Amino acid sequence: MPERPGAAVLVLHGGQEHSLSRPGPVNLAGLRMAGFVHALRRETEGAGVAVGTVRYRHRGWNGERADAARDAIAALDELAEELGPVPTVLVGHSMGGRAALRAAGHPTVTGVVALAPWCPAEDPCEQLAGRDVLMLHGDLDRITSPADTRAFAARGRAAGARVCGYTVLGTGHTLMRRIGDWHRATARLSAGLLGLRDLPPEAATALALPAHSTAALDLPLPTHPRTAPPVGHPSRPLPTDA
């Protein structure tokens with residue numbers, strides 16, 4: 001938590017389809033996101049960005065209860081109460097990606113980075129209108145469907161969202177293969193959504209496409225080196241109300 005945050009990133013981990021049990025102290029889904037939190041903190045260091053994680057009350061989505069989405073919205077409300085209405089990016093994996101997409105209609109949310117998200121065909125997209133949405137999915141994923149993610153991305157565009165879809169070739173649902181690329185791409189894309197750096201050209205082009213276009217929803221994610229190449233402008237502090 002910076003002294004005077006001007007923006008925030010909230011990270012949401014995965015879970016189960018049905019479970020009312022509480023996540024325990026050793027939570028593999030939560031531990032999987034620790035590297036993403038570290039990469040986000042490193043990428044936004046000195047820029048006045050608060051980075052945190054959402055703690056769920058239950059392990060499962062639980063049908064119409066949509067518990068993970070409800071918890072995400074509650075966390076956004078608490079964050080806005082503490083920091084004021086600062087622009088916020090949601091980063092979510094699997095069930096957490098579904099929760100991030102569902103909670104994107106919150107007034108503080110400006111963008112979403114969804115990692116191997118769970119995107120059932122019945123989920124709404126209207127809440128994404130006016131948001132920037134970056135979706136990354138491994139082509140070897142057998143837990144959540146890359147095809148469902150592409151279909152959701154197209155529906156999100158039709159609903160008024162600006163969407164870019166990446167395929168992470170050679171990777172599955174656990175994000176362990178090409179883990180460095182997952183971490184660095186997520187951190188740099190989140191920083192781009194907050195205006196701290198330029199988005200990659202292909203992402204910027206995809207977000208600017210007309211709503212009816214389905215192009216650029218299946219871009220191969222390039223390898224991301226440990227040291228980011230020079231961009232149009234470096235990471236810079238965000239303005240505050242002070």
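Modeller: A polar contact is a pair of N or O atoms within 3.5 Å, where within protein one atom must be able to donate a hydrogen and the other to accept it. Please keep in mind that this is a predicted model.

Colleague: The backbone oxygen of which residue does the side chain of Gln-127 reach?

Modeller: Gln-127 belongs to the loop that runs between β4 (109-115) and β5 (132-138), and with a relative accessibility of 17% this residue counts as buried. From that position its side chain comes to 3.0 Å from a backbone oxygen, and the residue that carries this oxygen is Pro-124.

Colleague: With which residue does Asp-67 form a salt bridge, and how far apart are the closest N and O atoms?

Modeller: Asp-67 has a partner that also lies in helix α3, 3 residues away, which is about one turn of the helix. Asp-67 counts as buried because its relative accessibility is 0%, whereas the partner, Arg-70, is partly exposed with a relative accessible area of 46%. The salt bridge is therefore one between a buried and a partly exposed residue, and it joins Asp-67 to Arg-70 with the closest N and O atoms at 3.4 Å.

Colleague: Which parts of the chain does the pair of Arg-98 and Asp-123 tie together?

Modeller: The side chains of Arg-98 and Asp-123 meet in a salt bridge, with 2.7 Å from N to O. Because Arg-98 lies in helix α4 and Asp-123 in a loop, the pair ties together parts that are 25 residues apart in sequence, namely helix α4 and the loop between β4 and β5.

Colleague: Are Arg-98 and Asp-123 buried or exposed?

Modeller: Buried means under 20% relative accessible area. Arg-98 has a relative accessibility of 7%, and Asp-123 has a relative accessible area of 5%, so the word that applies to Arg-98 and to Asp-123 is buried.

Colleague: What is the N to O distance in the salt bridge of Asp-123 and Arg-102?

Modeller: Arg-102 is partly exposed, with a relative accessible area of 26%. The side chains of Asp-123 and Arg-102 meet in a salt bridge with an N to O distance of 3.2 Å.

Colleague: Which residues do salt bridges that share partners join into one network?

Modeller: The structure holds 10 salt bridges, and one of them is the pair of Asp-67 and Arg-70 described above. Salt bridges that share partners join these two residues with others into one network, whose members are Arg-57, Arg-65, Asp-67, Arg-70 and Asp-71.

Colleague: Which residues gather in a patch of negative charge on the surface?

Modeller: One member of this patch, Asp-77, has its place in helix α3 (residues 67-83). Asp-77 counts as partly exposed because its relative accessibility is 41%. The residues that gather in the patch are Asp-77, Glu-78, Glu-81 and Glu-82.

Colleague: What distance separates the C-alpha atoms of Gly-105 and Glu-126?

Modeller: Gly-105 sits in the loop between α4 (95-103) and β4, where its relative accessibility of 38% makes it count as partly exposed. Although Gly-105 and Glu-126 are 21 residues apart along the chain, their C-alpha atoms are separated by 8.2 Å.

Colleague: How far apart in space are Ala-187 and Asp-141, C-alpha to C-alpha?

Modeller: Ala-187 has its place in helix α6 (residues 179-193), and at 3% relative accessibility Ala-187 counts as buried. Ala-187 and Asp-141 are 46 residues apart in sequence, and their distance in space, from C-alpha to C-alpha, is 21 Å.

Notes:
Residues numbered from 1 in each chain as written. Predicted model: local features only at pLDDT ≥ 70, side-chain atom pairs only at ≥ 80, totals over all residues. Heavy atoms only, no water. Patch = residues over 30% accessible without salt bridge, like charges linked within 9 Å, V, L, I, M, F, W, Y side chains within 5 Å. Areas by Shrake-Rupley, 256 points an atom, 1.4 Å probe, with all protein chains shown as cover. Salt bridge = Lys/Arg side-chain N within 4 Å of Asp/Glu carboxyl O. Lys, Arg positive; Asp, Glu negative; His and termini not counted. Charge placed at Lys NZ, Arg CZ, Asp CG, Glu CD. Helix = DSSP H or I, 4+ residues; strand = E, 2+ residues; numbered from the N terminus. Buried < 20%, exposed > 50% of the residue type's maximum accessible area, 1.4 Å probe, protein only.
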